[in-house]
Amino acid sequence: MGRVRRGGYTFLWWIGDHAPRHVHVINKHGKLVTRVNLETMRAMDIPNASDKVLALIQELKNEGRL
């Protein structure tokens, strides 16, 4: 399992988890916000993820963390 905190969110992922490759986004209160497909950068549980969440995920991808 991987975990990183950034921008008031915790991003969680599991090696070998089911497809599609995705990250779980948890808010500062410990509640699941959504899961984001890392290939399409689209929210899996809600119509749209916030621009802030998507920017943070892209930042983590660029750093090689995801």
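Before we look at any residue, let me fix one word: a residue is called buried when its relative accessible area is under 20%, exposed when that area is over 50%, and partly exposed in between, as judged with a 1.4 Å probe on protein chains only. Helices (H or I, at least four residues) and strands (E, at least two) are DSSP runs, numbered from the N terminus.

What you have above is a predicted model, in which local features need a pLDDT of at least 70 and side-chain atom pairs count only at pLDDT 80 or more, whereas totals for chains, interfaces and linings use all residues. Residues are numbered from 1 along each chain as its sequence is written, and side-chain values use heavy atoms, with hydrogens and water left out.

Let me start with helix 1, where V53, L56, I57 and L60 are buried. Seen down the helix axis, the buried residues fall within an arc of 100° (the arc of the directions from the axis to the C-beta atoms), so they line one face of helix 1. It helps to recall that an α-helix has 3.6 residues a turn, so residues three or four places apart point the same way. On the other side of helix 1, D51 and N62 are exposed. The helix covers residues 51–62, and its 12 residues should span 16 Å (the expected span is 1.5 Å times one less than the number of residues), which agrees with the 16 Å between its end C-alpha atoms.

One residue of helix 1 deserves a second look, namely I57, which counts as buried because its relative accessibility is 0%. I57 and V36 are 21 residues apart in sequence, and their C-alpha atoms are 8.7 Å apart in space.

Now to the aromatic rings. Rings of Phe, Tyr and Trp (its six-membered ring) pair if their centres lie within 6.5 Å, and the pair is stacked if the planes are under 30 degrees apart, edge-to-face if over 60, and tilted for the rest. How many aromatic pairs does a search of the whole structure find? The search finds one, and this is the tilted pair of Y9 and F11, with 6.3 Å from centre to centre and 45° between the planes. Both partners are buried, Y9 at 18% relative accessibility and F11 with a relative accessible area of 0%.

Next comes the loop between strand 2 (9–13) and strand 3 (22–26), which is where P20 sits. A cis peptide bond, with omega at about 0°, joins A19 and P20.

P20 also belongs to the lining of the largest pocket, together with W13, W14, I15, G16, D17, H18, R21, H22, L38 and L66. By class, this lining has six nonpolar, three polar and two charged residues, where Ala, Val, Leu, Ile, Met, Phe, Trp, Tyr, Cys and Pro count as nonpolar, Asp, Glu, Lys and Arg as charged, and the others, Gly among them, as polar.

D17, one of those lining residues, lies 10 residues along the chain from G7, and the C-alpha atoms of the two are separated by 24 Å. G7 is in the loop between strand 1 (2–6) and strand 2, and with a relative accessible area of 37% G7 is partly exposed.

Finally, please find M41, in the loop between strand 4 (32–37) and strand 5 (42–43). Phi of M41 is near 60°, a positive value in a residue other than glycine, and M41 is buried, with a relative accessible area of 18%.

Technical notes. On a 1 Å grid over the protein atoms alone, a cavity is a set of points where a 1.4 Å probe fits but cannot get out, and a pocket is an open set with protein on both sides within 12 Å along at least five of seven lines; lining residues have an atom within 4 Å of a point.
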